[in-house]
Amino acid sequence: AWLEVKFMDPLENREAYGRWCLVRGKRIVVLVTGECWPEHKARFEEAWKEMLRSMMLERHYDNPFKGPVHN
């Protein structure tokens with residue numbers, strides 16, 4: 001599940017966007033957060049969609065430092 005909010009950044013005194021995504025597997029829960037300025041929202045949206053598309057939880061690797069082995 002994910003949520004987007006619009007808020008006022010107190011340090012910059014300008015509008016910003018924030019997103020939070022909670023991803024749950026059988027044995028793990030991941031919280032992903034991100035914030036951007038309105039003028040960067042299109043790039044942020046592209047990165048956010050790719051993050052959601054490519055996320056894989058609880059995938060086993062014999063050696064996590066090498067990742068998947070393709071024979």
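Q: Where does Arg19 sit in this fold?
A: Arg19 has its place in strand S2, and since this is a predicted model, what follows describes computed geometry.

Q: Is that arginine buried or exposed?
A: Arg19 counts as buried, because its relative accessibility is 3% and the cut-off for buried is under 20%.

Q: Which side chains does Arg19 make polar contacts with?
A: The side chain of Arg19 makes a polar contact of 2.6 Å with the side chain of Glu4, and a polar contact of 2.4 Å joins the side chains of Arg19 and Glu45.

Q: And what else is Arg19 in contact with, leaving aside neighbours within four places in sequence?
A: Besides Glu4 and Glu45, the contacts of Arg19 on that basis include Trp2, Leu3, Val32, Thr33 and Gly34, and also Phe44 and Trp48.

Q: OK, strand S2 then: which strand is it joined to, and how do the two run?
A: Strand S2, residues 14-24, is joined by eight bridges to strand S3, residues 29-36, and the two run antiparallel. A hairpin of four residues links S2 to S3, and Leu22 has Leu31 in S3 as its bridge partner.

Q: Switching to the aromatics, how many aromatic pairs are there?
A: The count comes to two aromatic pairs. One of them is Trp2 with Trp48, which is edge-to-face, with 5.9 Å centre to centre and 65 degrees between the planes.

Q: Which parts of the chain does that pair link?
A: The pair links distant parts of the chain, since Trp2 belongs to strand S1 (residues 2-9) and Trp48 to helix H1 (residues 41-54), with their positions 46 residues apart.

Q: Are those two tryptophans buried or exposed?
A: Trp48 is buried, with a relative accessible area of 4%, whereas Trp2 is partly exposed, at 44%. The value for Trp2 falls between the two cut-offs, under 20% for buried and over 50% for exposed, which is why it is called partly exposed.

Q: What about Phe44 and Trp48, why is that pair called tilted?
A: The ring centres of Phe44 and Trp48 are 5.8 Å apart and their planes are at 35 degrees, so the pair is tilted; stacked would need planes under 30 degrees apart, and edge-to-face over 60. Phe44 and Trp48 are four residues apart in helix H1, so about one helical turn separates them.

Q: Is Phe44 buried or exposed?
A: Phe44 counts as buried, at 15% relative accessibility. Together, Trp2, Phe44 and Trp48 form one aromatic cluster.

Q: Back to Trp2, what is it in contact with if neighbours within four places in sequence are left aside?
A: On that basis Trp2 is in contact with Arg19, Trp20, Cys21, Trp48 and Leu52. As for Glu46, which is 44 residues away from Trp2 along the chain, the C-alpha atoms of the two are separated by 15 Å.

Q: Last topic: which charged ends sit over rings?
A: The charged end of Arg14 sits over the ring of Trp37, at 4.0 Å from the ring centre, and the charged end of Lys41 sits over the ring of Tyr17, at 4.5 Å from the centre of that ring.

Note on methods: Residues are numbered from 1 along each chain as its sequence is written. This is a predicted model: local features need pLDDT of at least 70, side-chain atom pairs count only at pLDDT 80 or more; totals for chains, interfaces and linings use all residues. Side-chain values use heavy atoms; hydrogens and water are left out. Rings of Phe, Tyr and Trp (its six-membered ring) pair if their centres lie within 6.5 Å; planes under 30 degrees apart count as stacked, over 60 as edge-to-face and the rest as tilted. Buried means under 20% relative accessible area, exposed over 50%, partly exposed in between (1.4 Å probe, protein chains only). A charge sits over a ring if NZ of Lys or CZ of Arg is within 6 Å of the ring centre and within 35 degrees of the ring normal. Contact means heavy atoms within 4.5 Å. Two strands pair if DSSP finds at least two bridges between them. A polar contact is a pair of N or O atoms within 3.5 Å; within protein, one must be able to donate a hydrogen and the other to accept it, and residues adjacent in sequence count only if both atoms are side-chain atoms.
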